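Q: Please take a close look at a single part of this model, the packing between helices, and then place it in the context of the rest of the chain. I would like one connected account that also says where caution is needed.

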Amino acid sequence: MGGVTTTRSPRSADPAGRDGGSAVAQALEGVPARLRRVRGQRGFTLTQVAELTGLSKSTLSRLETGQRRPSLELLLPLAQVYRVPIDDLVGAPDVADPRIRLKPRRLNGRTVLPLTRPGGVQAWKIIVPVSQTTPNPRTHDGFEWLYVLSGRMRLVLGDQDLVLGVGEAAEFDTRVPHWFGGTGDGPAEVLSIFGRPGERMQVRAAGRDAPEPHQDPHL
């Protein structure tokens, strides 16, 4: 009596694998748009990125138009130049994590990542593009502390015009006309900590609900 041989289709053998492949394909499809967006946020031209990464301008152009399949050896130098996690370029989904993930925003040409909840002393990581070099001083109540994480930052404070490098900090009364931006030789990453005078004391003394959260005074 002849035996019966059965086979399983490779397509149906691993549904999870099929779904995973679809997810990978969708992530890769979004890479060109992410590369264009991040480069625009940093204020780089393709020529500048080519010089900084050692990749050819044509390769970068093909990556941004979807004509070249992204690979780890291509994305790693781009992530380093743009100073972003490689997950941001490939659109990796967030995993279960109890930590609060505050999303960056694009405001007035700058990328701003809030590091604190609204209310009280506020902290932001601000990425200033290479193109923002024209001072526009302003004043408001408060006190600010700035720290340069990468690149170089220009600070106009009253009649002073200063350039701060990595690891340098400045603190000042924001009632003094002030502005900070780039020096024109590359983007800068700046940590900003800002507090309004007597804010918490006023809230406690009034015994009322906390006021509406303040907007970033630079934006």
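A: **Helix α6 and its neighbours**

Where helix α5 and helix α6 meet, the α5 residues in contact are Thr 59, Leu 60, Leu 63 and Glu 64, and those of α6 are Leu 74, Leu 78 and Tyr 82. The model is a predicted one, and what follows should be read as a description of that prediction. Helix α5 covers residues 57-65 and helix α6 residues 72-82, and their axes come within 12 Å while crossing at roughly 95 degrees. Angles of 65 to 115 degrees count as roughly perpendicular, and α5 and α6 are therefore roughly perpendicular to each other.

Helix α6 has a second packing partner in helix α4 (residues 46-53), with the two axes 10 Å apart and at an angle of about 110 degrees. Here too the angle leads to a plain description, since α4 and α6 are therefore roughly perpendicular to each other. On the α4 side the contact is made by Val 49, Leu 52 and Thr 53, and on the α6 side by Pro 77, Leu 78, Val 81 and Tyr 82. Leu 78 and Tyr 82 thus appear in the contact with α4 and also in the contact with α5.

Earlier in the chain, helix α3 spans residues 31-42 and includes Arg 34. Although an arginine, Arg 34 counts as buried because its relative accessibility is 17%, which is under the 20% limit for that class. The C-alpha atoms of Arg 34 and Leu 89 are 5.8 Å apart in space, while 55 residues separate the two in sequence.

The helices belong to a protein with eight helices and nine strands. Among the strands, β3 (residues 122-128) is mostly covered, with six of its seven residues buried. Strand β2 (residues 110-114) runs antiparallel to β3 and is joined to it by four bridges, whereas β3 and strand β9 (residues 188-195) pair in the antiparallel sense over seven bridges. Lys 125 takes part in both pairings, as the bridge partner of Leu 113 and as that of Leu 191 in β9.

A further set of three strands forms an open sheet in the order β6-β5-β8, with antiparallel pairing. Its edge strands are β6 (160-164) and β8 (178-182), each of which pairs on one side only, and from one strand to the next the twist averages 20 degrees. Strand β5 (residues 153-157) pairs with β6 over five bridges in the antiparallel sense, and Leu 155 stands opposite Leu 162 in β6.

For the protein as a whole, 35% of the 219 residues count as buried, and the accessible surface comes to about 13500 Å², with 53% of it belonging to carbon and sulfur atoms. Of the contacts between residues at least 6 apart in sequence, 61% join residues at least 24 apart.

Confidence varies along the chain. The average pLDDT is 77, and 71% of the residues score at least 70. Over residues 1-20 pLDDT stays under 50, and the model has three contacts beyond four places in sequence for that stretch. Residues 198-215 likewise stay under 50, with 13 contacts beyond four places in sequence. Where pLDDT is low, the predicted coordinates should not be read in detail.

Notes. Residues are numbered from 1 along each chain as its sequence is written. This is a predicted model: local features need pLDDT of at least 70, side-chain atom pairs count only at pLDDT 80 or more; totals for chains, interfaces and linings use all residues. Side-chain values use heavy atoms; hydrogens and water are left out. Buried means under 20% relative accessible area, exposed over 50%, partly exposed in between (1.4 Å probe, protein chains only). Helices (H or I, at least four residues) and strands (E, at least two) are DSSP runs, numbered from the N terminus. Two strands pair if DSSP finds at least two bridges between them. Contact means heavy atoms within 4.5 Å. Accessible areas come from the Shrake-Rupley method with a 1.4 Å probe; for residues, only the protein chains shown count as cover. pLDDT is the predictor's confidence in each residue, from 0 to 100. Axes are lines fitted to C-alpha atoms, for helices over the stretch in contact, and angles run from 0 to 180 degrees between N-to-C directions. Angles under 35 degrees count as roughly parallel, over 145 as roughly antiparallel, 65 to 115 as roughly perpendicular and the rest as oblique.
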